[in-house]
Structures are given as C-alpha cells and as structure tokens.
Amino acid sequence: MSPGEKLDPIPDSFILQPPVFHPVVPYVTTIFGGLHAGKMVMLQGVVPLDAHSRFQVDFQCGCSLCPRPDIAFHFNPRFHTTKPHVICNTLHGGRWQREARWPHLALWRGSSFLILFLFGNEEVKVSVNGQHFLHFRYRLPLSHVDTLGIFGDILVEAVGFLNINPFVEGSREYPVGHPFLLMSPTLEVPCSHALPQGLWPGQVIIVRGLVLQEPKHFTVSLRDQAAHAPVTFRASFADGTLAWISRWGQKKLISAPFLFYPQRFFEVLLLCQEGGLKLALNGQGLGATSVNQQALEQLRELRISGSVQLYCVHS
C-alpha cells in the first residue's frame with residue numbers, strides 16, 4: 001500500500017474501536033460511531049483492596065462538564081455496605097430518575113472481574129464474570145449515547161468495544177466474553193495455539209488484534225498432526241482480498257470489505273459446524289467454507305502469522 005493510496009470506504013458496522021489498556025481513572029472516552037443495538041462493551045479490571053465506597057460506569061450523551069450531560073445508563077456497584085449491590089439509573093435534564101437496585105453482586109475488594117454490557121433494541125444486559133446479572137430498559141434513545149465514563153474506586157486493565165457474536169443471534173444463551181491479554185509484549189507472532197481435541201460443531205475460535213503500521217500479510221491456518229492445513233484464512237494486502245486457501249493451495253475469494261488496514265483493530269470468529277466453518281469479521285457474518293468433519297476432528301493446531309499484534313486467541 002503506497003503512502004498516497006486512498007482507502008476504500010468501509011461500512012461503520014465493520015469498524016471496531018481499538019481497546020484501551022490501563023487507562024487512568026477517572027476516564028472518559030468517545031464511543032466511535034455511538035451505541036447501537038448489537039454493540040458490546042467489555043470492562044476488565046480489579047476492585048482495589050482498599051476500595052472504600054463505589055465505582056460507576058456511565059454511558060453518556062455527550063461529554064460536557066457544564067451543563068452535565070444526560071446519562072442513559074448509570075451502572076454503580078457499591079461496596080460501602082456489608083451487602084455489595086448495584087444501583088442503575090438515568091440522568092435526564094440534570095435530574096436522576098427512579099433508581100433500580102440489584103443485590104447479590106459477586107464482586108468484592110481485591111477481586112478481578114470481567115463485565116460485559118450488551119446493548120439490545122430495548123434494553124442493556126450486563127454479565128459479571130460470565131454470569132448474567134441484570135437487564136435495564138432504556139429510558140433515553142440509545143442512539144444519543146456517544147461517550148463512556150468510568151469513575152471511582154476501580155483499577156481498569158482493559159476496555160474493549162466489540163460487536164455481539166453473530167453466531168448466537170436469536171439464542172437464549174448469554175454470550176461469554178474472553179479477556180484481553182495484558183502481557184507486555186502481547187502474544188508473539190507467529191503464534192501457535194493447541195487444539196488437543198480438534199474442532200467440533202459449536203466450537204468458536206476467536207482471534208483479536210491490531211494490524212501493524214506496514215502490513216504484509218495475515219494468515220490463520222488450522223493444521224493436523226502432520227502439519228497439513230486443510231483450511232486457511234488469508235488476508236492479502238497486495239491486492240486487498242480475503243480468501244479461503246485449501247490444503248492444495250486452491251483459493252476461494254470471500255466477498256467482503258477489506259478491513260485489515262494499518263493500526264485498525266480486528267476480530268476474527270470461526271464457528272465450527274457440521275462439515276465446515278463459518279466466518280465473521282468484526283461481528284459481521286461472511287458465509288462459510290466446507291471442510292470434511294473428520295478433518296476438523298483431526299486438527300491439532302491453530303497457527304496465526306503476519307503483520308499483526310495479538311490481544312486475544314481463544315478456542
């Protein structure tokens with residue numbers, strides 16, 4: 001890609017905001033593109049041992065200091081009592097509305113946590129450490145929210161902005177998030193991830209990362225014990241194409257926007273189904289490729305290479 005080359009326009013739904021690591025609290029940031037149904041915000045951190053009272057996560061309509069912006073969803077865990085709980089509310093026109101209270105918060109001083117905020121059409125759902133905790137019906141339009149604010153007694157390790165897994169759309173099963181890797185440096189590339197039991201229907205592979213400044217290629221291959229790769233996903237920066245590569249080198253192009261540009265965050269999801277794999281990029285389903293079920297069961301390695309920095313690899 002030459003320095004003066006223009007990027008093709010990419011639909012907003014394909015663009016993911018990069019994660020933020022170890023921000024200083026209080027922390028306020030713009031939510032790129034605002035909030036919409038299908039978006040997920042992940043908060044990873046620790047409640048300090050000396051936490052005295054509370055922390056709060058506010059999804060705000062703007063970031064002004066005066067007048068104070070409306071807060072569509074105020075999530076406020078409190079630790080100053082013997083029974084930790086969460087208060088949720090909405091601030092509109094400078095006035096708090098009727099608060100909602102949820103007891104039995106599974107957080108305590110000194111504990112680490114992973115909180116997911118999943119935004120639907122009419123309500124937000126919140127899970128704590130993989131368990132559904134509450135749901136809160138919107139009192140202000142979700143489209144008005146464009147700012148995230150984090151305040152109080154909390155150590156934030158990572159904030160992630162993702163799209164809800166399209167493979168569980170319509171399912172009652174609560175999506176489970178996977179934390180970002182906080183090591184410095186992150187996973188070395190090329191990266192090898194073991195698949196001791198192969199791949200089975202329903203299993204999902206997650207790869208999240210950031211494209212480097214001068215990318216050359218990005219490849220995700222699945223290999224068996226003989227190091228053969230029955231299927232490979234490849235992003236080619238030379239011609240801006242996405243493709244499946246078969247064991248014998250045959251290429252099958254994928255019709256989708258090319259989103260692997262320098263310094264852009266990405267998420268690749270591969271869902272194993274009977275006789276093949278489904279692909280999603282940044283939460284958008286992009287079809288499937290056929291793979292013999294026996295070949296899927298005999299896979300033993302997920303190998304990732306190319307010009308990327310990895311934040312999460314999970315299977």
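**Exercises on a folded chain**

L271 sits in strand 20, residues 265–273 (strands are DSSP runs of E, at least two residues, and helices runs of H or I, at least four, both numbered from the N terminus). Before we start: residues are numbered from 1 along each chain as its sequence is written. This is a predicted model, so local features need pLDDT of at least 70 and side-chain atom pairs count only at pLDDT 80 or more, while totals for chains, interfaces and linings use all residues, and side-chain values use heavy atoms, leaving out hydrogens and water.

**Exercise 1.** Find out whether L271 is buried or exposed, and which residues it touches.

*Solution.*
- Step 1: L271 counts as buried because its relative accessibility is 12% (buried is under 20% relative accessible area, exposed over 50%, partly exposed in between, with a 1.4 Å probe and protein chains only).
- Step 2: Leaving aside residues up to four places away in sequence, L271 touches F167, G202, Q203, V204, G276, L277 and K278 (a contact means heavy atoms within 4.5 Å).
- Step 3: Pick out G202 from that list. Along the sequence, L271 and G202 are 69 residues apart, but C-alpha to C-alpha they are 6.5 Å apart in space.

**Exercise 2.** Now zoom out: how many helices and strands does the protein have, and what share of its residues is buried?

*Solution.*
- Step 1: Count the elements, and you get 1 helix and 24 strands.
- Step 2: Of the 315 residues in the protein, 49% are buried.
- Step 3: Take the contacts between residues at least 6 apart in sequence: 65% of them join residues at least 24 apart.

**Exercise 3.** Work out which residues have the most contacts inside the largest nonpolar core.

*Solution.*
- Step 1: The largest nonpolar core holds 40 residues (such a core is a set of buried Ala, Val, Leu, Ile, Met, Phe, Trp, Tyr and Cys residues joined through side-chain atoms within 4.5 Å). Those with the most contacts inside this core are L43, F59, F73, F75, I115, F117 and L134.
- Step 2: Strand 9, residues 112–119, gives the most to this core, with 4 residues.
- Step 3: Follow I115. Its partners, not counting residues up to four places away in sequence, are V41, M42, L43, F55, F75, L107, V126, S127 and V128.
- Step 4: Don't stop there. Another core lies apart from this one, with 37 residues, including L195, L199, I205 and W244.

**Exercise 4.** Say where N76 lies and which backbone oxygen lies 2.9 Å from its side chain.

*Solution.*
- Step 1: Look in strand 5, residues 70–78, for N76.
- Step 2: N76 counts as buried because its relative accessibility is 1%.
- Step 3: A polar atom of the N76 side chain is 2.9 Å from the backbone oxygen of F55.
- Step 4: Beyond four places in sequence, N76 touches R54, F55, Q56, H85, V86 and I87.

**Exercise 5.** Hunt for cis peptide bonds before P26 and P190, then compare N129 with N282: is each buried or partly exposed?

*Solution.*
- Step 1: From V25 to P26 the bond is cis, with omega near 10 degrees; P26 is in the loop between strand 1 (20–21) and strand 2 (27–30).
- Step 2: From V189 to P190 the bond is also cis, with omega near 5 degrees. P190 is in the loop between strand 13 (155–163) and strand 14 (191–194).
- Step 3: N129 is not a glycine, yet has a positive phi of about 55 degrees. N282, not a glycine either, has a positive phi of about 50 degrees.
- Step 4: N129 counts as partly exposed because its relative accessibility is 40%. N282 is buried, with a relative accessible area of 1%.

Conventions: A polar contact is a pair of N or O atoms within 3.5 Å; within protein, one must be able to donate a hydrogen and the other to accept it, and residues adjacent in sequence count only if both atoms are side-chain atoms.
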